[in-house]
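Grab a coffee and work through a few exercises on the model shown here. Try each task yourself before reading its solution.

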Amino acid sequence: MSTDHAPVSAPVSAPAPAPTAHGVHAYDLFNGDADGLCALHQLRLVEPRDSFLISGVKRDIALFDQLPSGRPLQVTALDISWDRNAQGVCRVLNGGGNVTYFDHHSAKTLFRHPQLTAHIDTGLDVCTSILVDRHLGGVLRQWAIVAAYGDNLDAVADRMAREHGCTAATRGALAQLGYLLNYNAYGESREDLHFCPVQLYRSLHRFESPLDFMAKAYEFRRLQEGHASDQQAVQDLAPYTANDRATVYVLPDRAWARRLCGTLANQLVARNNGRSVAVLTPRSDGDFLVNLRIGSASASRADIFCSRYPAGGGRHGAGGIDRLPDQDMDRFINEFFAHLESDTP
């Protein structure tokens, strides 16, 4: 993590949890978005553990880099790209620790190890919370539904909710919570967020039911208010450029834009008549953060395209680039349009 970004996690130098009976220190690493939050929440309600929590803003996913060295660790990782953390996993395993990994992003470098348990599925219709839901036998299904809505898997979430017996009103409430939890994760630094993901997780973890969290938690009301305020700022947003397959938006250099960029990309692709969307958000250093969504009319893959760029990746329909140099913006747009024209992975 660069020194100009405040880490959105408890500092690594803070006291670690007491070691287990076998002398192993426990850590939970999770993405700060809806999927990471709900995945860890489900897991620790059913399988409680006194763990040290490490998370970050949405794109802060190389979380194994924040782990200490010199002692065996028991690590659970949720919704952070395997390929961005594979070397860190090796360090933990080589240090005598063990790793349990739940994720749905690219895992081209995945390997087998006796101290590694990997629940990784890169399919189109899963998110990490759904993988945790499967692992737990569906005992906290509503939280997986919240995460699916937040991860832009609306059709999957709707099907799960109906099978679970949720009314239309409950489906709407779970969807709103998923969107708001996801909205909170986006930003360049901690200062852009309404809540540190670790703080938000601790609030969530007081509630077994997502509906109770919505009814009683201050954090939910604050996210509602913040999102409503930010949405006012995008009313006049116009495309930067477009063709018959995609639309590109360039946001202003504002905190609201950094907070909205991910959920805005989801909203824009949902109403873009099957066309794909790229949202470019200015960083404080003059470069851009990219959120990319593939529309239903395209067979192209977001993860494969974004992985062409340093610090780029994602999954089949959604991807991003942590840093796109300003001088490369036009090249990126041309390559994005060409990638969609090819319609081949």
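Helices (H or I, at least four residues) and strands (E, at least two) are DSSP runs, numbered from the N terminus. Keep in mind that this is a predicted model.

**Exercise 1. Where does Ala311 sit, and what is the sign of its phi?**

Start with the location: Ala311 is in the loop between helix H11 (302-306) and strand E10 (312-314). Next, the backbone: most residues other than glycine have a negative phi. Ala311 is not a glycine, yet its phi is positive, at about 60°. Last, the surroundings: its relative accessible area is 36%, so Ala311 counts as partly exposed, the class between 20% and 50%.

**Exercise 2. Is Asp79 buried or exposed, and which loop holds it?**

Asp79 belongs to the loop between strand E3 (73-78) and H2. Its phi is positive too, about 65°, although Asp79 is not a glycine. With a relative accessible area of 1%, Asp79 is buried.

**Exercise 3. Describe how H1 and H4 pack.**

Two packed helices are described by the angle between their axes and the distance between the axes. For helix H1 (residues 34-46) and helix H4 (residues 141-150), the angle is about 170° and the axes are 8 Å apart. An angle over 145 degrees counts as roughly antiparallel, so that is how H1 runs relative to H4. Now list who touches whom: H1 contributes Ala34, Asp35, Cys38, His41 and Gln42, while H4 contributes Trp143, Ala144, Val146, Ala147 and Gly150. Sorted by type, the residues of this contact come out as 6 nonpolar, 3 polar and 1 charged.

**Exercise 4. How many residues of H4 are buried?**

Count them: 9 of the 10 residues are buried, so H4 is largely enclosed by the rest of the structure. The buried ones are Gln142, Trp143, Ala144, Ile145, Val146, Ala147, Ala148, Tyr149 and Gly150. Just past the end of H4, Asn152 has a positive phi of about 65°.

**Exercise 5. Check the length of H9, then find its buried face.**

Length comes before burial here. Helix H9 (residues 218-232) has 15 residues, which at 1.5 Å a residue should span 21 Å; the end C-alpha atoms are 22 Å apart, so the two agree. Then pick out the buried residues of H9: Glu219, Phe220, Leu223, Gly226, His227, Asp230 and Gln231. Viewed down the helix axis, these fall within an arc of 130°, so they line one face of H9. The pattern fits the geometry: an α-helix has 3.6 residues a turn, so residues three or four places apart point the same way. What covers the buried residues? Helix H6 (168-185), helix H7 (197-204), helix H8 (210-216) and helix H10 (255-270) are among the elements that do. On the face turned away from the buried side, H9 carries the exposed residues Glu225 and Gln232.

**Exercise 6. Which residues are in contact with Val89 and with Arg44, leaving aside neighbours within four places in sequence?**

Take Val89 first. Val89 lies in helix H2 (residues 82-94) and, at 0% relative accessibility, counts as buried. Its contacts beyond those sequence neighbours are Phe64, Trp82, Val99, Tyr101 and Phe111.

Now Arg44, which lies in helix H1. Arg44 is buried, at 6% relative accessible area. With sequence neighbours within four places set aside, Arg44 is in contact with Asp28, Arg49, Ser51, Thr76, Tyr201 and His205.

Note on methods: Residues are numbered from 1 along each chain as its sequence is written. This is a predicted model: local features need pLDDT of at least 70, side-chain atom pairs count only at pLDDT 80 or more; totals for chains, interfaces and linings use all residues. Side-chain values use heavy atoms; hydrogens and water are left out. Axes are lines fitted to C-alpha atoms, for helices over the stretch in contact, and angles run from 0 to 180 degrees between N-to-C directions. Angles under 35 degrees count as roughly parallel, over 145 as roughly antiparallel, 65 to 115 as roughly perpendicular and the rest as oblique. Contact means heavy atoms within 4.5 Å. Ala, Val, Leu, Ile, Met, Phe, Trp, Tyr, Cys and Pro count as nonpolar, Asp, Glu, Lys and Arg as charged, and the others, Gly among them, as polar. The expected span of a helix is 1.5 Å times one less than its number of residues. Buried means under 20% relative accessible area, exposed over 50%, partly exposed in between (1.4 Å probe, protein chains only). The arc is that of the directions from the helix axis to the C-beta atoms.
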